[in-house]
Amino acid sequence: MAAKEKFVEPTYLECGFGELEYKVIASEICCRCGTCEAFCPRIENQESRPTLIDYDPLCGLCFAYCPRTFLNMEDMEKKLFSRTRSQDEALGIYRKAASAQASPVQGTVQDGGVATALLVQALKSGMIDCAVVTGRDENWRSVPVVATTPEEIIAAAGTKYTITNSVVGVAEALERGFSKIGFVGTPCQIQALRKVQLLEEPYEFGQEKIALLVGLFCMENFDYDTLFSGLIKGKFGLKPEDVSRFEIQKGMFRAIDKGGQVHEVKIAETDPYTFKGCGPCFDFASELADISVGSVGSAAGWSTVLVRTEVGEKLYSSALSSGVVKEKALSEKGLALSKKLSAEKAQRFVEKSQELGVSEITR
Ligand SMILES: Cc1cc2nc3c(=O)[nH]c(=O)nc-3n(C[C@H](O)[C@H](O)[C@H](O)COP(=O)(O)OP(=O)(O)OC[C@H]3O[C@@H](n4cnc5c(N)ncnc54)[C@H](O)[C@@H]3O)c2cc1C
């Protein structure tokens, strides 16, 4: 890892893995995004937690890019949007909001298939040369995939409601020589990759090759072992391989089995399976993405889309003009509901961060 030539004021350089371990991993606020493992060769995922496997040169990289060590949203917004949000922008800064649907829908998508369609469009148009997506095995264990064909992107469609260290796929893409990398993921993963792109830290490993960030809406995520042993097997009596789809709709968490039978509980009853590291997160709508996609606010089979940056606008416009995505107006009611959920997550963050003593993440 070569140091950049320009002088950069050292900020978190003295903070090594010890601080990350103490402040984030042992404190159980780690969101397992995979960023520290991705960009530091001395950190590996062992037993589902970042682990130091070599001596620590105290370079500070893991600490600097972790979305849970510090995050100054005002600073990030100024860098990304040249302004900070106003008080009524509960979903973060965006240029356009719409309901959209892939045309035709390809793959077993979650909602409107827009995340998949946008990535395929980005690949076909040359905006990206690969897309880091989150696929799964037959037991619903999620896996990061560096997709290089539309078919591979389509194969990864659909939501896996389990924590995944997908940012490691970006490191794999860099190692394999890709130079225009697209990524789709949860708000914490998008925060981490924006830190990688925008913070003026003295590390250089090809961050300029990250070309597109598609963010997902996310209220919370779940721990695989806890969710599958406690709820899927324990309460629903299902084997993971018998589930064809998971969804969260109208306040219910649902597993639909391969025979089409719906097994459901109220979302409030899923609290015991929620991943602890999701607590100190205020970001519902992937506010630092180029373009965000979610289900809330749109009709079944459609996606809510927030176009945020110039990159996002270029991609969305080309998807519309080439007909791979169609859109309709996002209703006032849909927008209000999305804003309400975003505000609720922000409020939960205020409570949790006080409880957990997280003071360096500020919105
Ligand atoms: C953990 C989680 C929680 C969510 N919670 C909400 C919510 O509360 N409200 C809401 O409106 N929407 C939520 N979403 C988003 C929603 O489920 C859909 O992903 C979104 O509407 C896009 O739908 P689509 O049909 O366009 O996506 P698709 O075209 O089906 O593509 C989905 C993409 O998501 C990626 N992906 C799947 N699982 C994961 C994962 N675990 N981590 C990272 N990337 C993944 C895949 O790579 C795929 O490319 C959540 C998503 C996740 C992953």
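**View 1. Phe253 of β10 has Val265 of β11 as its bridge partner.** This is a predicted model, where local features need pLDDT of at least 70, side-chain atom pairs count only at pLDDT 80 or more, and totals for chains, interfaces and linings use all residues. Residues are numbered from 1 along each chain as its sequence is written. Strand β10 (residues 252–257) runs antiparallel to β11, and 5 bridges join them. Strands here are DSSP runs of E, at least two residues, while helices are runs of H or I, at least four, all numbered from the N terminus.

**View 2. Step back, and there's an open sheet of 3 strands, in the order β9-β10-β11.** The pairing is antiparallel; two strands pair if DSSP finds at least two bridges between them. Since β9 (243–249) and β11 (262–266) are the edge strands with a single partner each, one side of each is left without a neighbour in the sheet.

**View 3. Now for the ligand, which has 34 residues around it.** A residue counts as near if its C-beta atom, placed from the backbone, lies within 6 Å. The closest are Thr116, Val133, Met219, Gly294 and Val296. Helix α5 gives the largest share of the shell, 3 residues.

**View 4. The protein chain splits into domain 1 (17–223 + 275–362) and domain 2 (224–273).** Those bounds come from an automatic or database domain assignment. Taken over C-alpha atoms, the domain centres are 24 Å apart. Where they meet, 10 residues of domain 1 are in contact with 10 of domain 2, with contact meaning C-beta atoms, placed from the backbone, within 7 Å.

Methods. Two residues are in contact if their C-beta atoms, placed from the backbone, lie within 7 Å.
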